[in-house]
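Reader: Got a minute to walk me through this one? I'd like to know what I'm looking at before I set anything up.

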Amino acid sequence: MSKVIVVTGAGRGLGTDIAREALAAGHQVVATGRRPEEVEKTLGGPQDDLLVTRLDVTILEDAEAAAQATVDRFGRIDVLINNAGNLFTGYFEEISPAQMRRQFETNLFGPMNVTRAVLPIMRKQRAGHVITITSTAGLVGMEFTSAYAASKFAEEGWMESLRYDVEPYDIHTTIVEPGYFRTELLVDGSVNWPELSIDDYAPRTAPRIEGMKSMNGKQPGDPAKLARALLTIAQQEKPPLRFVAGADAIEAAEAKATELLAQAEASRELGGALAYDNAHA
């Protein structure tokens with residue numbers, strides 16, 4: 001069944017693949033980006049089932065205007081895919097406070113802005129699906145990714161809780177946790193290196209940056225296949241609350257689950273005996 005699908009960050013990388021695959025599958029697509037003329041060109045020019053509109057996710061007014069434009073053109077919004085994001089990478093002390101805030105503005109408050117603009121429409125419809133792309137870094141903290149992981153962990157917590165807010169209105173939520181996909185996350189414009197430099201970290205920082213640069217274009221995941229998988233999920237009557245995408249992501253999720261269970265068990269004796277005694281309650 002054809003759906004009206006809003007895709008953020010559609011001008012490059014995975015967002016472009018999602019928009020292309022959705023159009024090919026017969027959906028009506030709202031492709032958003034900060035430079036709409038480039039988005040439209042990337043997707044092959046004007047099309048009957050395509051609306052291209054400006055959206056900087058960090059600006060709530062942009063999100064509200066994009067949501068209204070969608071309803072004006074297609075009458076409804078069935079699926080929102082929060083895809084837009086960027087990467088600030090580096091050791092925590094070398095990430096400036098301003099960089100940390102910018103990371104959260106895009107990766108957390110950005111999708112919150114767009115979802116805030118779309119939810120009133122979905123509630124009125126009593127139907128909808130919010131799909132938010134986080135990362136394996138939203139499950140597992142790794143070296144050199146404190147800012148990115150922090151924003152993605154926060155995004156996960158928001159989405160897990162949002163589920164309960166919107167379930168009564170027949171609105172579904174899905175968290176997507178991709179592993180390494182051959183998107184444009186590691187290209188200039190999406191990745192941001194640390195602004196600060198500390199001598200103690202210097203011997204580790206340069207090799208890390210070079211290592212990340214060398215990964216670009218060699219990631220194992222195919223973003224077109226991921227896009228098609230997301231469209232499959234968008235068509236499901238009962239979509240999953242969480243979709244772990246990629247063999248590497250599944251392996252990381254399994255390892256984290258095992259680690260959490262082991263930590264909970266190790267905490268049982270000391271952590272499980274912290275309630276008030278009945279006699280002193």
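Author: Sure, one term to begin with: buried means under 20% relative accessible area, exposed over 50%, and partly exposed in between (1.4 Å probe, protein chains only). This is a predicted model, where local features need pLDDT of at least 70, side-chain atom pairs count only at pLDDT 80 or more, and totals for chains, interfaces and linings use all residues. Residues are numbered from 1 along each chain as its sequence is written, and side-chain values use heavy atoms, with hydrogens and water left out.

Reader: OK, so how many residues of β2 are buried?

Author: 5 of the 6 residues in β2 are buried, so to speak of it as mostly covered is fair. Strands here are DSSP runs (E, at least two residues), as are helices (H or I, at least four), numbered from the N terminus.

Reader: And which way do β1 and β2 run, parallel or antiparallel?

Author: Parallel, with 4 bridges joining β1 to β2; two strands pair if DSSP finds at least two bridges between them. V4 stands opposite Q28 in β2.

Reader: Switching to α3. Which of its residues are buried?

Author: D62, A63, A66, A67, T70 and F74. Seen down the axis of α3, these buried residues fall within an arc of 135°, so they line one face of the helix. That arc is taken from the directions from the helix axis to the C-beta atoms.

Reader: What do they pack against?

Author: The buried residues of α3 pack against β1 (4-7), β2 (28-33), β3 (50-54) and α4 (97-125). Contact means heavy atoms within 4.5 Å. On the face turned away from the buried side, α3 carries the exposed residues E61 and D72.

Reader: What comes after α3?

Author: G75, with a positive phi near 90°.

Reader: Now the core. How many residues are in the largest nonpolar one?

Author: 26, and those with the most contacts inside it include I5, I18 and V29. A nonpolar core is a set of buried Ala, Val, Leu, Ile, Met, Phe, Trp, Tyr and Cys residues joined through side-chain atoms within 4.5 Å. A second, separate core of 25 residues includes V6, L51, I77 and L162.

Reader: What does I18 touch?

Author: Not counting residues up to four places away in sequence, I18 touches V7, I81, I133, A227 and L230.

Reader: Last one: where does T136 lie?

Author: In the loop between β6 and α5 (146-166). T136 is buried, with a relative accessible area of 11%.
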